[in-house]
Amino acid sequence: SLQFGTPRSVFITSLIPVGTSIMAVEFEGGVVIGADSRTTTGAYIANRVTDKLTPIHERIFCCRSGSAADTQAIADAVTYQLGFHSIELDEAPLVQTAASLFREMCYRYREELMAGIIVAGWDPRRGGQVYTVPVGGMMTRQPVSVGGSGSSYIYGYVDSNYRAGMSKEECLKFTAEALTLAMERDGSSGGVVRLAVVSEQGVERQVILGNQLPKFSTV
Amino acid sequence: MATVSVRQYHRGGFSFENCKRNALLEADINKLGFSSPAARKTGTTICGVVYKDGVVLGADTRATEGMVVADKNCSKIHYISPNVYCCGAGTAADTEMTTQIISSNLELHSLSTGRLPRVATANRMLKQMLFRYQGYIGAALVLGGVDSTGPQLYSIYPHGSTDKLPYVTMGSGSLAAMAVFEDRYKPNMEEEEAKRLVRDAIAAGIFNDLGSGSNIDLCVITKGKVDYLRPHDVANKKGVRTGNYRYKHGTTGVLTKAVTPLNLEVVEESVQTMDTS
């Protein structure tokens, strides 16, 4: 029978790109964020080079997972709101503010939306911060956060390999390896690994292509 | 003691009030053995490619109503602005109306800014409208054009997500067309090479997908010039009948002939020309 309201089964099998692996890690001086690059509509890969690391402000990014349409629309709305707020304040906005704006929207429209977002960035007051806003609209700060359909496969890896006080390079290696493992096991994740470092100095982006991904033992 | 909560009525936006009723009617009609008329979908293969000097958009020309071809030569490349065109797949009415609405709004916007419209603006307007309708407007679009920022290509899905890419395909024949692109796409191609690639991608859709067919339309957009090539390639010519069904006079023998003149008087004769200026 045809369902209206929140037809979740229709949602996932219809023409809406879903599926992802995203991650963010705090370090002294900033954050490292990463994501895979695959968006799928059913079994077809609609975009194999997606950029899921979306700038919200100069030193604030969000990692998007869930429905591409929903997360793009939310990110555009929050970018506008935060830009307006920043001009009013005449100051760089706080990462917590950006995360709160995401939370407001994701919680208010929780029945209509399918969006799992990780907000990460650097501000002068509290340095590097990672806030996770999963499906449902909760918001919490975490030193390391993973999201998307591929995240299920790497909770063990992340919990066992994360150490507080890692350097920027260690965080990059940690993120790249974790995402590689997730992409290996999750059908809805794949393509390239996109990484970004957000710090006081600004944003450094990099891409790790398929053949350059870290290799693990193939069993 | 109960508190009464008043339902807030939404102002504006799409009204989904009739959806349950429509579903029940659909079920009732099916029980009687009939089927309700299907929306005309464009089946379709559409694609676009960014090349050295601009973008090339391509589309087939078949519009289907279920398993019947409703239009053998429909135009799927829609005008948005002098420098921006949009291919449409999905529900024919939705792609037609959506592109016209955005084209109209973009012209007004362009007059307000005093500038040539940007592809990114058209993309923003389209995605925000489609998201607002939550996927009920079945328009899957390939938007391409050249503006002050350079050549750009976007694919836009019915739910409102967009991707900015160097080559895109949409529609039921998109997998066939994408196979051609993934094999032969190179960055910074020359115009002839790009046109050949798009032509071949649409041809792959036409010959391998039942929902696509007939001719190949192309639209080449460069800085300051648009070549709307319709048709660029008549891939499917109507066959010539090998038999002749004309019969000579006298083939059928006449047994009897009765002529009855009808006496009609011309009462009044007036000619009114329509003002077609």
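Which helices and strands of chains A and B each supply at least two residues of the lining of the second largest pocket? They are strand 5 and helix 2 of chain A, along with helix 3 and strand 9 (162-164) of chain B. Helices (H or I, at least four residues) and strands (E, at least two) are DSSP runs here, counted off from the N terminus. The model is a predicted one, so local features need pLDDT of at least 70 and side-chain atom pairs count only at pLDDT 80 or more, while totals for chains, interfaces and linings use all residues. Residues are numbered from 1 along each chain as its sequence is written, chains are lettered from A and ligands numbered from 1 in the order in which they are written, and side-chain values use heavy atoms, with hydrogens and water left out.

Back to that pocket. It holds about 490 Å³ of space. Its lining has 21 residues, and the closest to the centre are Asp51(A), Arg64(A), Gln72(A), Lys127(B) and Thr162(B). By type, the lining splits into seven nonpolar, seven polar and seven charged residues. For that split, Ala, Val, Leu, Ile, Met, Phe, Trp, Tyr, Cys and Pro count as nonpolar, Asp, Glu, Lys and Arg as charged, and the others, Gly among them, as polar. Pockets and cavities are both found on a 1 Å grid over the protein atoms alone: a cavity is a set of points where a 1.4 Å probe fits but cannot get out, a pocket is an open set with protein on both sides within 12 Å along at least five of seven lines, and lining residues have an atom within 4 Å of a point. Grid points are joined across faces, edges and corners, and a volume is the space filled by probe spheres set on the points.

As for cavities, the structure holds two of 30 Å³ or more. The second largest cavity has a volume of about 60 Å³. Its lining draws on both chains, with Tyr44(A) and Ala46(A) on one side of the list and Ser155(B), Tyr157(B), Asp163(B), Leu165(B), Tyr167(B), Val168(B), Thr169(B) and Met178(B) on the other. Strand 4 (44-47) of chain A and strand 10 (167-170) of chain B each supply at least two of these residues, and strand 10 of chain B gives the most, with three. Seven residues of this lining are nonpolar, two are polar and one is charged.

Salt bridges come next (a side-chain nitrogen of Lys or Arg within 4 Å of a carboxyl oxygen of Asp or Glu). The count comes to 21 over all chains. In one of them, the side chains of Arg48(A) and Glu182(B) meet with 2.6 Å from N to O. This pair crosses between chains, running from the loop between strand 4 and strand 5 (53-57) of chain A to helix 4 (residues 174-184) of chain B. Arg48(A) is partly exposed at 42% relative accessibility, and so is Glu182(B), at 38%. (Buried means under 20% relative accessible area, exposed over 50%, and partly exposed in between, with a 1.4 Å probe and protein chains only.)

Lys127(B), already met in the pocket lining, forms a salt bridge with Asp76(A), with the closest N and O atoms 3.4 Å apart. Here, too, the pair crosses between chains, from helix 3 (residues 119-132) of chain B to helix 2 (residues 68-89) of chain A. Lys127(B) counts as buried, at 9% relative accessibility. Within chain B, Lys76(B) bridges to Asp60(B), the closest N and O atoms being 3.0 Å apart. Lys76(B) sits in the loop between strand 4 (68-71) and strand 5 (77-81), and Asp60(B) in the loop between strand 2 (54-59) and strand 3 (63-65), so the pair ties together parts that are 16 residues apart in sequence. Lys76(B) is buried at 1%, and Asp60(B) is buried at 0%.

Both of those residues turn up again around Thr44(B), whose contacts (heavy atoms within 4.5 Å) include Asp60(B), Lys76(B), Gly88(B) and Asp209(B), not counting residues up to four places away in sequence. UniProt, in an unreviewed entry, places the feature "active site" at Thr44(B); such annotations may be inferred rather than shown by experiment, and positions are given in the numbering used here, with feature names shortened. Thr44(B) is in the loop between helix 1 (19-31) and strand 1 (46-50) of chain B and is buried at 0% relative accessibility. UniProt also lists Thr20(A) for "active site", again from an unreviewed entry. Thr20(A) lies in the loop between helix 1 (8-13) and strand 1 (22-27) of chain A, and is buried at 3%.
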